[in-house]
Amino acid sequence: MAEDTLYFRCPCGQLNRVPGTEREREPVCGRCARTLDGQPVPIRDADLQKLLQASPVPVLVDFYADWCGPCRQLSPVLAQLASEHRGRLIVVKINTDQDQDWAARLKVQGIPAVFLFKDGELRNQFAGYRPLAFWQGWLRDL
Ligand SMILES: [Zn+2]
């Protein structure tokens with residue numbers, strides 16, 4: 001079943017398809033053999049468009065910076081969200097000190113800023129810290 005396929009974006013850039021029947025195993029990346037744990041993965045501006053277009057599962061993008069306190073507070077919350085939706089949601093993070101193109105394009109005014117895309121389209125956005133239940137609600141509403 002197509003719905004039973006899990007998707008993982010590896011830090012190397014590879015988008016991996018994993019049969020849901022292998023859910024209990026630790027899948028590894030088809031390109032670099034790294035273990036795919038489904039945790040938030042850093043991504044660069046130049047690679048985001050391709051991921052948004054290629055991903056069959058929703059993509060949540062976290063714009064952050066290392067010096068930003070609320071970003072550090074939000075980081076484990078999004079990691080938990082990624083765990084709960086392992087293989088069915090891709091969580092990526094853009095360091096706004098390194099990359100500003102997408103932040104400008106999405107008119108990010110403050111960080112953390114979180115954007116949810118599905119089928120390449122923006123479905124939801126929010127800036128600031130919120131607890132886990134808030135983000136879970138986004139996915140329920142999809
Ligand atoms: Zn890889």
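## A cis proline, an open sheet and its core

Pro-112 sits in the loop between helix α3 (101-105) and strand β6, where helices (H or I, at least four residues) and strands (E, at least two) are DSSP runs numbered from the N terminus. The peptide bond that leads from Ile-111 to Pro-112 is cis, with omega near 0°. The model is a predicted one, in which local features need pLDDT of at least 70 and side-chain atom pairs count only at pLDDT 80 or more, while totals for chains, interfaces and linings use all residues. Residues are numbered from 1 along each chain as its sequence is written.

The chain comprises four helices and seven strands, and from the N terminus on these elements follow the order β-β-β-α-β-α-β-α-β-β-α. Five strands make up an open sheet of mixed pairing, in the order β3-β5-β4-β6-β7, and two strands are taken to pair if DSSP finds at least two bridges between them. At the edges stand β3 (41-42) and β7 (121-127), each of which pairs on one side only. Strands β4 (residues 59-64) and β5 (residues 90-95) run parallel and are joined by six bridges, with Tyr-64 opposite Asn-95 in β5.

The largest nonpolar core has 29 residues, and those with the most contacts inside it are Val-59, Leu-60, Val-61 and Val-91; such a core is a set of buried Ala, Val, Leu, Ile, Met, Phe, Trp, Tyr and Cys residues joined through C-beta atoms within 7 Å. The elements that give two or more residues to this core are β1 (5-9), α1, β4, α2 (69-84), β5 and β6. Val-59 touches Leu-51, Leu-52, Ile-90, Val-92 and Phe-117, leaving aside residues up to four places away in sequence, where contact requires C-beta atoms, placed from the backbone, to lie within 7 Å. Of the 142 residues of the chain, 26% count as buried; a residue is buried if 20 or more other C-beta atoms lie within 10 Å of its own, exposed if 12 or fewer, and partly exposed in between, with C-beta atoms placed from the backbone.

Most residues other than glycine have a negative phi, and most peptide bonds are trans. The two residues in the table have a positive phi although neither is glycine, and both count as exposed.

| Residue | Phi | Loop | C-beta neighbours inside 10 Å |
|---|---|---|---|
| Ala-33 | near 70° | between β2 (15-19) and β3 | 10 |
| Asp-119 | near 50° | between β6 and β7 | 12 |

Terms used
Two residues are in contact if their C-beta atoms, placed from the backbone, lie within 7 Å.
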